[in-house]
Each structure stands twice: as C-alpha cells, then as structure tokens.
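Please keep the structure open in your viewer and follow the stops below, selecting each residue or strand as it is named.

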Amino acid sequence: FMEIIRRHTPPSFETIKKNVRLNPGTLTKAMKRANRMVCECTYDPELDDEGCGEDCLNRLIMIECNPKHCPCGEFCSNQRFQRGQYPKLDVVKTEKKGWGLRTLDDLESGDFVIEYCGEICSESRFKKRARKYAKARMKHHYFMKMGVNEIVDATEKGNVSRFINHSCEPNCETQKWTVCGEVRVGFF
C-alpha cells in the first residue's frame, strides 16, 4: 500500500504563498501608482454584508484594494490575492494528462480559484532554465508568461496552481490583477 502512495505522489517543489521576484527592481512607476489607487466604496454594517462589492472601481479595473488605504478597512472584499482566499483544492492524478487540480467546493462562474505562483524571471533567464529542464528530461513544464520580459516559473518553487491542466473545454480563465503595485495572475 505504501509503495502505491509513493508512486502516485506529484513531483516535488518548494511551496510558496507569493511570487518570488528574481529581478526585484522591475516595478514601474505606473505599478507603484496603482498601489495607491483608493476606491470610493463605503461600508455600513447596518446595510452591507461586505465592502468593495462588484461595483468597486478598483475591482472593475482589476486592481485589488490596498488594505492601508481602502475606506472599507477590514470589511473590504477586494483583497482575495492578498488574503489567499482560495476554495479547498485537491491535486489528483488524471488518466491522460498527468497531475491535475480540482476544487472540493462548489464555485460559481467567475469565482477566484487560486493565484499562479512561482519565481518571476526574465526571458533570458527563462530560456536558460528551459534548456536546463530539457537537459534533465523533465516532461512537465510549469511556465506562464506574465508580461513583457516576465515569466512565472513554478517548476521548483510555486503552489498547487501549477497542476491546473490545459483543456479543450476550459472552465477557468486567467486574469492579470494589480495587487499592491505588482501584476499577479489568478485563475477564475
């Protein structure tokens, strides 16, 4: 029984909760300005279940509210990346596509599933890593292009989002959000 469990264990990697930026000086002035974007939402405990709902200006333009500046404070619901508000997830072995990821909670279309986390590297570093992985005969790849000259590599460091499979009939989409001045990618 133990041998079967060991044989059916997903590839190992270091689990991280947030991207590791290998070139830390790459935040632009526009990204730093986005960090200070303050919405105009209000929260009244007598009237509202939560603050910063679907009509939050920041949410509409895919910017998470900064907890230091949001007028709704701790009641802001537009901080899902920062708070790691993911449903329960399970890594599973699939018949034809290697490892996959499924939710254990029921989700509505458009609900946040998880952030794609890994090491953010430049195109040139990515190419070196891709050659290294090919030389090591790694058959599964965990890369996602994030922007100009930025690739997220979740091969050695990442989270379980690396197991989300491609599909001919996808039920999720990726979205780029600005979170405290940095672009981050989530599955919805």
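Select V38 to begin: in this predicted model, V38 has a relative accessible area of 43%, and because that value falls between the limits of 20% for buried and 50% for exposed, V38 counts as partly exposed. The residue lies in the loop between α2 (29-34) and α3 (57-60). If you now display what surrounds V38 while leaving aside its neighbours within four places in sequence, you will find it in contact with N58, H69 and P71. Add N66 to the selection and draw the C-alpha to C-alpha distance, which comes to 7.6 Å for V38 and N66, although the two residues are 28 apart in sequence.

From there, move to M62, whose place is in the loop between α3 and α4 (80-83). What is the phi of M62, and what is its sign? The angle is near 60°, a positive value in a residue other than glycine. With a relative accessible area of 32%, M62 is partly exposed.

The next stop is C180, which is found in the loop between β10 (174-179) and β11 (182-187). Phi of C180 is near 50°, again a positive value in a residue other than glycine, and at 34% relative accessibility C180 counts as partly exposed.

Now select strand β8, residues 150-153, and show its side chains. In a regular strand the side chains alternate between the two faces of the sheet. In β8, E150 and V152 point one way while I151 and D153 point the other way. Are these four residues of β8 buried or exposed? All of them are buried.

Keep β8 on screen and add strand β7, residues 143-147, which pairs with β8 in the antiparallel sense over 4 bridges. To follow the register of this pairing, pick F143, which stands opposite D153 in β8. The strands β7 and β8 form a hairpin with 2 residues between them, and in that turn you can select N149, which has a positive phi of about 60°.

Finally, add strand β6, residues 119-121, which also pairs with β8 in the antiparallel sense, here over 3 bridges. Which residue of β8 does I120 stand opposite? The partner is V152, and V152 points the way E150 does from β8. With this last selection in place, β8 can be viewed together with both β6 and β7, each of them paired with β8 in the antiparallel sense.

Note on methods: Residues numbered from 1 in each chain as written. Predicted model: local features only at pLDDT ≥ 70, side-chain atom pairs only at ≥ 80, totals over all residues. Heavy atoms only, no water. Buried < 20%, exposed > 50% of the residue type's maximum accessible area, 1.4 Å probe, protein only. Pairing = 2+ DSSP bridges. Contact = heavy atoms within 4.5 Å.
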